[in-house]
Amino acid sequence: MSKTISETDVRSHEDNGFLLVPGLVSPDQVQALRADALHICRGGYPHDKLETMPASTTDDEALRNFHCIHFPHKISPLMKQTGVCHEGIAHVLSKIIGPDVKCMQSMLFIKPPGFQGQAWHQDEIYIPTRDQSLTGAWIALDDATIENGCLYVMPGSHKGILYDQRPHENPDEFDMAAESFGFDDSVEIPVEVKTGDVVFFNGYLLHRSRKNRSDIYRRVLVNHYMNAWSRLPWQTPEGEPAASADYRDIVMVSGVDPYAWRGIEDRADISLRQCKALVEQQEA
Ligand SMILES: O=C(O)CCC(=O)C(=O)O
């Protein structure tokens, strides 16, 4: 039986733009997701972007190559079943988004020791839903602390605008993604969490994470969801009318798909943000 959340939790998410649900993913499920993350990094799922590593490669050697793997659920049935479609996560989403919920993206952050975080941003800049229902579910596969680069949020910022972005000037702290600017960030708070906790956050919420200054990996699976009734004009192929565009490489996780008649597409492929590339980029 999945954990249920209270009306107070739902109100808190509405007011603050984020909600921490402790222990939503069980220790067994975390263990399976960690093992699967390692399997992906070792090239265990055949894919031209993922080199198969020799059996002699240590776990550390396999993991430390990767900062983030986008769309792991497209190659791993476990990332899809246990991660994207997690029953407890789907239940919480059905309360904070609405009964009908779809997922369009997953991201597996490995974030090894010494590697950077993400500068201030809002996820709706990248994934623009029509009804502002974009919601991230940030699943901690390790304890996330200030030292190893936990999430920081600006409570209530989801009630504001989408801010402009610019290149940031702190490559030691943040990776190459642009930063949002034009707001007072003095009220940011760190969201330190335990393994198995899940942080839900709205796509307008300003958030960032800092460099991993510990010797512990900070593994996180982040999946993005939205109201299934809102079409998603994202990654629209050239020639498709923008006004009615709807990204259909989705996974339904709760309720019914109002646009089922449009079918499901197979568009997204995994992409890698590799540590080596980041190091070389910084040294260039
Ligand atoms: O966990 C992180 O380092 C950043 C995650 C993030 O920015 C996101 O999921 O949008």
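Here is a walk through the fold, from the overall chain down to a few strands, a helix and a single serine.

First, a caveat: what you're looking at is a predicted model. The protein chain contains seven helices and 13 strands. Its C-alpha trace spans about 50 × 45 × 45 Å along the principal axes. Is that what you'd expect of a compact globule? What radius of gyration goes with 284 residues? A compact globule of that length would come out near 19 Å, and the protein chain has 18 Å, so the two agree. Of the 284 residues, 39% count as buried. If you take the contacts with a separation of 6 or more, 83% of them link residues 24 or more positions apart.

Now for the inside. The largest nonpolar core has 60 residues, and those with the most contacts within it are Trp138, Ile139, Val198, Val199, Phe200 and Val220. Pick Val198 and look around: leaving out residues up to four places away in sequence, Val198 touches Val21, Leu24, Val25, Ile89, Ala137, Trp138 and Ile139. Two of those, Trp138 and Ile139, are themselves on the list of best-connected core residues.

Strand β2 is a good next stop. This strand covers residues 66-70, and four of its five residues are buried. Which strands does β2 pair with? One is β13 (residues 271-274), joined to β2 by four bridges and running antiparallel. Here Ile69 stands opposite Leu272. The other is β3 (residues 101-109), also antiparallel to β2, with three bridges between them. On this side, Cys68 has Phe109 as its bridge partner.

Strand β3 turns up again when you get to helix α4, which runs over residues 77-84. In α4, the residues Met79, Thr82, Gly83 and Val84 are buried. Why do they end up on the same side of α4? They cover an arc of only 160° around the axis, which puts them there together. It helps to recall that an α-helix has 3.6 residues a turn, so residues three or four places apart point the same way. As for what they pack against, the buried residues of α4 meet α2 (27-41), β3, β4 (135-140), β11 and β12.

Elsewhere there's a small open sheet to find. Three strands make it up, in the order β8-β5-β10, with antiparallel pairing. Strands β8 (189-191) and β10 (207-209) stand at the edges with a single partner strand each, so one side of each is left without a neighbour in the sheet. Neighbouring strands here are turned by 35° against each other on average, direction ignored. Zoom in on β5 (residues 151-153) and you'll see three bridges tying this strand to β8 in the antiparallel sense. Tyr152 is a handy landmark, with Pro190 in β8 as its bridge partner.

Last, Ser230. This residue is found in the loop between β11 (220-227) and β12 (251-254). Buried or exposed, then, for a serine in a loop? Ser230 has 20 other C-beta atoms within 10 Å, so this residue is buried. Setting aside residues up to four places away in sequence, Ser230 touches Thr129, Arg130, Asp131 and Ser133. Asp60, by contrast, is a long way off: Ser230 and Asp60 are 170 residues apart in sequence and 42 Å apart in space, C-alpha to C-alpha.

Definitions and conventions: Residues are numbered from 1 along each chain as its sequence is written. This is a predicted model: local features need pLDDT of at least 70, side-chain atom pairs count only at pLDDT 80 or more; totals for chains, interfaces and linings use all residues. Two strands pair if DSSP finds at least two bridges between them. Helices (H or I, at least four residues) and strands (E, at least two) are DSSP runs, numbered from the N terminus. Axes are lines fitted to C-alpha atoms, for helices over the stretch in contact, and angles run from 0 to 180 degrees between N-to-C directions. The radius of gyration is taken over C-alpha atoms; the globule rule is 2.2 Å times the number of residues to the power 0.38. A residue is buried if 20 or more other C-beta atoms lie within 10 Å of its own, exposed if 12 or fewer, and partly exposed in between; C-beta atoms are placed from the backbone. Two residues are in contact if their C-beta atoms, placed from the backbone, lie within 7 Å. A nonpolar core is a set of buried Ala, Val, Leu, Ile, Met, Phe, Trp, Tyr and Cys residues joined through C-beta atoms within 7 Å. The arc is that of the directions from the helix axis to the C-beta atoms.
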